[in-house]
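Trainee: I should be grateful for a close look at a single part of this structure, explained step by step.

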Amino acid sequence: MDGGDGTVRLGALNLKPDRSVFDSGADVSVSSPVTRQKAAAAKQFIENHYKNYLQGLQDRKERRRSLQRRAQEAQVSNEEQEEMLRNLERRETEYMRVQRRKIGIDDFEQLTVIGKGAFGEVRLCRAKNTGEIFAMKKLKKSEMLSRGQVEHVRSERNLLAEVDSRCIVKLFYSFQDSDFLYLIMEYLPGGDIMTLLMREDILSEDVARFYIAESILAIHSIHQHNYVHRDIKPDNLILDKNGHLKLSDFGLCKPLDKYSNLLENEDISTQEVTNESGGHSACDRPPWLMPKEQLQQWKRNRRALAYSTVGTLDYMAPEVLLKKGYGMECDWWSLGAIMYEMLVGYPPFCSDDPRITCRKIINWKTCLKFPEEPKISSEAKDLICHLLCDVETRLGTRGVEELKAHPWFSCTQWDLLFELEAAYKPTVIGDLDTQNFEKFPDLEGPPSTIPSVGPWRKMLTSKDTNFIGFTFKKSDVLKSLESSGTDMKFNGSSKAPSLISLLGQIELEETVISEGEQKPET
């Protein structure tokens, strides 16, 4: 019974709680940082597991209600409804079984290296069970941690899992082992725009217009989800086998509130640059008056620079370099610099010294000039000048429609771009063709024979606690439903509606699986 003072009495036994016994502060004070980190990891692991479980249960109930509602609207008999529901339950069970299956590096045959970066590599790979070809991005955890890149890789994975657009490269799986993070993405064999520019030197206005238009749609597709890319450059614009463009490499992307700007405390490049805005000596020698040998050397070095930890400043907006507040409009500046390079042959502020490049960008009002050759149209110049300008007057700042409405795009069929024949058709011979990518020596040794460990054992490795929530698995539910065999006769017709005709485009969540990890929030 209650003693009135908070004391619980059971016969002669006094069970007044001793607060010192339950004081978690004492436990925390004596626990080590590693122990606290493991405890936090376990807590997040369990919370994510049950959150995903309950979300999946809710989704299954909603799909069942939706089927019942549509079946009733189609006047399906009760017996047929029951049969369809049983069939749905079988498909749901199969779906959950597929989702529970853990995907790992052993499920893929690693093939040719097609790219190298500061933190890892990209190589072709083949799924052992289906034979499908993917691009595997492999990132070393220790490098990501030591160089403060954890948030960057998390942002990339979140955006790829969240945004489903024909304009950006698709993510199929992400997973990890004790040493590496893996992103399994669609393979686009057409190479990147940098390769195209190195091969062609300059593009015609028609070809440039097509790829700038597709780039606008790609950039807009991530802006719609309130992400800013921050690293738009030719080597991140990839071509598929038909020559259509997709945006890739979201390692520097940031989620951005609709009404706020980013004010960076971190460098998005490790390059030390001088943010001096005084003096115009850097502009006294425009790039087209650089000695021809220097310009050729810059072109030869551009690919190596793209793979370095430094990166390139050529496409970076001045507000980003000056560490002022900036938003999505910085991506449109980068697109303007790419358009200039497509039509002229080099970026507008290029230099063999990155500090001079930085000064030129900051002093763009005096440094942005056009050479006499090659000739470009007045409409193209006007668009470039309305992209490489102050944020207040930059096209795209008030929405993508003002970009689409520019006279340079007067003949562009925006809604049909991806249905039209591409302006350039890359040479691609077979699924494994890598001729449009640079050749790299494969220096990696044989695959590790270390046995894989279970999720709880892995979770105790301190460096893995930084990557909880990384794993992702894309589901192709429509194919499953199409093969479900739910067609049947009803109401005298020869063929009853299938699940797809009843449910329309059923969208099971593209679920984050493995270790109960959390789905990306939308």
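**A strand pair and a lysine**

Mentor: Let us begin with one pairing in this predicted model: Phe175 has Tyr182 as its bridge partner in S7. The two strands concerned are S6, residues 171-176, and S7, residues 180-186. They run antiparallel and are joined by 5 bridges. Between S6 and S7 lie 3 residues, and the two strands form a hairpin. Strand S6 is largely enclosed by the rest of the structure, because 5 of its 6 residues are buried.

Tyr182 also leads us to another strand, since it is among the residues that Lys137 touches. Lys137 belongs to strand S5, which covers residues 133-140. Leaving aside residues up to four places away in sequence, Lys137 touches Leu181, Tyr182, Leu183 and Met185, and also Glu121, Val122, Glu156 and Asp249. With Glu156 there is a polar contact between the side chains, at 3.0 Å. Is Lys137 buried or exposed? Its relative accessible area is 13%, and the cut-off for a buried residue is under 20%, so Lys137 counts as buried. In the UniProt record, an unreviewed entry, the feature "binding site" is placed at Lys137.

For the wider setting, the chain has 17 helices and 12 strands. Of its 522 residues, 49% are buried. Among contacts with a separation of 6 or more, 72% are between residues 24 or more positions apart. The chain exposes about 26700 Å², of which carbon and sulfur atoms supply 51%.

How values were computed:
Residues are numbered from 1 along each chain as its sequence is written. This is a predicted model: local features need pLDDT of at least 70, side-chain atom pairs count only at pLDDT 80 or more; totals for chains, interfaces and linings use all residues. Side-chain values use heavy atoms; hydrogens and water are left out. Helices (H or I, at least four residues) and strands (E, at least two) are DSSP runs, numbered from the N terminus. Buried means under 20% relative accessible area, exposed over 50%, partly exposed in between (1.4 Å probe, protein chains only). Contact means heavy atoms within 4.5 Å. Accessible areas come from the Shrake-Rupley method with a 1.4 Å probe; for residues, only the protein chains shown count as cover. UniProt positions are given in the numbering used here, feature names are shortened, and annotations may be inferred rather than shown by experiment. A polar contact is a pair of N or O atoms within 3.5 Å; within protein, one must be able to donate a hydrogen and the other to accept it, and residues adjacent in sequence count only if both atoms are side-chain atoms. Two strands pair if DSSP finds at least two bridges between them.
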